[in-house]
Amino acid sequence: MPAINDMNGYFWCGGADGVLHIMKCGDCSLYFHPYQSCCSACLSANVAPAPVSGFGKVLSSTINHQPWFPHVPVPYIVALVELDEKGPVRLLTNMFGESVDSIVPGLRVSVHFEQHGDIFVPLFRPV
Ligand SMILES: [Zn+2]
């Protein structure tokens, strides 16, 4: 699990209320991830975490067969998901419990969270 700090706590712990939080520029409304202290589009420092819809689409996916971590069973699907909000905001995520053939580019997905203590890992599943 990631070490939580002032720059990532909103992302890893924000799911406690069932809502995904992503950094947003208060001036141009661009969402971005991961944390930056200013907006990459307009350079404004008026940025803060904001709730997002949690909906998006799969851009690409692959299957991992390598047992990188002993507590994570293989194989599992790794997917690149683009959120619906103005960005683009793209998250590399796991999709547990889905068949490999069902995860295709363009598939609509929504976020759900897997709790590990104080951390709520955002994962996605088809809608
Ligand atoms: Zn901006």
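Trainee: Which atoms coordinate the zinc ion, and at what distance?

Mentor: The zinc ion is held by the SG atoms of Cys25, Cys28, Cys39 and Cys42, at 2.3 to 2.4 Å, where a donor is an N, O or S atom within 2.8 Å of the metal (3.2 Å for Na, K and Ca), and water is not among the atoms, so sites may look incomplete. Please keep in mind that this is a predicted model, in which local features need pLDDT of at least 70 and side-chain atom pairs count only at pLDDT 80 or more, while totals for chains, interfaces and linings use all residues. Residues are numbered from 1 along each chain as its sequence is written, and side-chain values use heavy atoms, with hydrogens and water left out.

Trainee: OK, and why is the arrangement around the zinc ion called tetrahedral?

Mentor: The 4 donor atoms subtend angles of 102 to 120° at the zinc ion, and that makes the arrangement tetrahedral, a label given to four donors if all angles lie between 85 and 135 degrees. For comparison, the ideal angle for four tetrahedral donors is 109.5 degrees.

Trainee: What spacing do the donors follow along the chain?

Mentor: The donors of the zinc ion are spaced as C-x2-C-x10-C-x2-C. One pair links distant parts of the chain, since Cys25 sits in strand 1 and Cys39 in the loop between strand 2 and strand 3, 14 residues apart; strands here are DSSP runs of E with at least two residues, numbered from the N terminus.

Trainee: Are Cys25 and Cys39 buried or exposed?

Mentor: Both Cys25 and Cys39 are buried, and the cut-offs are under 20% relative accessible area for buried, over 50% for exposed, and in between for partly exposed, with a 1.4 Å probe and protein chains only.

Trainee: Different topic: in what order do the strands of the open sheet of 3 strands come?

Mentor: The order is 2-1-3, with antiparallel pairing. Strand 2 (31-32) and strand 3 (47-51) are at the edges with a single partner strand each, so one side of each has no neighbour in the sheet. Strand 1 (residues 21-25) and strand 2 are paired antiparallel over 2 bridges, and two strands pair if DSSP finds at least two bridges between them. As one bridge, Lys24 has Tyr31 of strand 2 as its partner.

Trainee: And where does His21 lie?

Mentor: His21 is part of strand 1, and with a relative accessible area of 15% it is buried. His21 and Ser53 are 32 residues apart in sequence, and their C-alpha atoms are 9.0 Å apart in space.

Trainee: What about phi, say for Ser29?

Mentor: Phi of Ser29 is near 70°, which is a positive value in a residue other than glycine, and most residues of that kind have a negative phi. Ser29 belongs to the loop between strand 1 and strand 2, and at 34% relative accessibility it is partly exposed. Leu43 also has a positive phi, near 65°; Leu43 is in the loop between strand 2 and strand 3, and its 64% relative accessibility makes it exposed.

Trainee: Now the peptide bonds: what is omega between Val74 and Pro75?

Mentor: Omega is about -5° there, and the bond joining Val74 and Pro75 is cis; Pro75 lies in the loop between strand 4 (55-64) and strand 5. The bond from Gly87 to Pro88 is cis as well, with omega near 10°, and Pro88 is in the loop between strand 5 and strand 6.

Trainee: How many residues are in the hairpin that joins strand 5 to strand 6?

Mentor: The hairpin connects strand 5 to strand 6 through 6 residues, and the two strands run antiparallel, joined by 6 bridges, with Thr93 in strand 6 as the bridge partner of Ala79. In strand 6, Leu91, Thr93 and Met95 make up a covered face, whereas Arg90, Leu92 and Asn94 make up an uncovered one.

Trainee: Last one: how many of the 8 residues of strand 8 are buried?

Mentor: In strand 8, 6 of the 8 residues are buried, so the rest of the structure largely encloses it. Strand 8 pairs antiparallel with strand 7 over 8 bridges, including the one between His112 and Leu123 of strand 8. Their hairpin has 2 residues between the strands, and Gly117 takes a positive phi near 65° in it.

Definitions and conventions
Helix = DSSP H or I, 4+ residues; strand = E, 2+ residues; numbered from the N terminus. Tetrahedral: all angles 85-135°; square planar, octahedral: opposite > 155°, others 65-115°.
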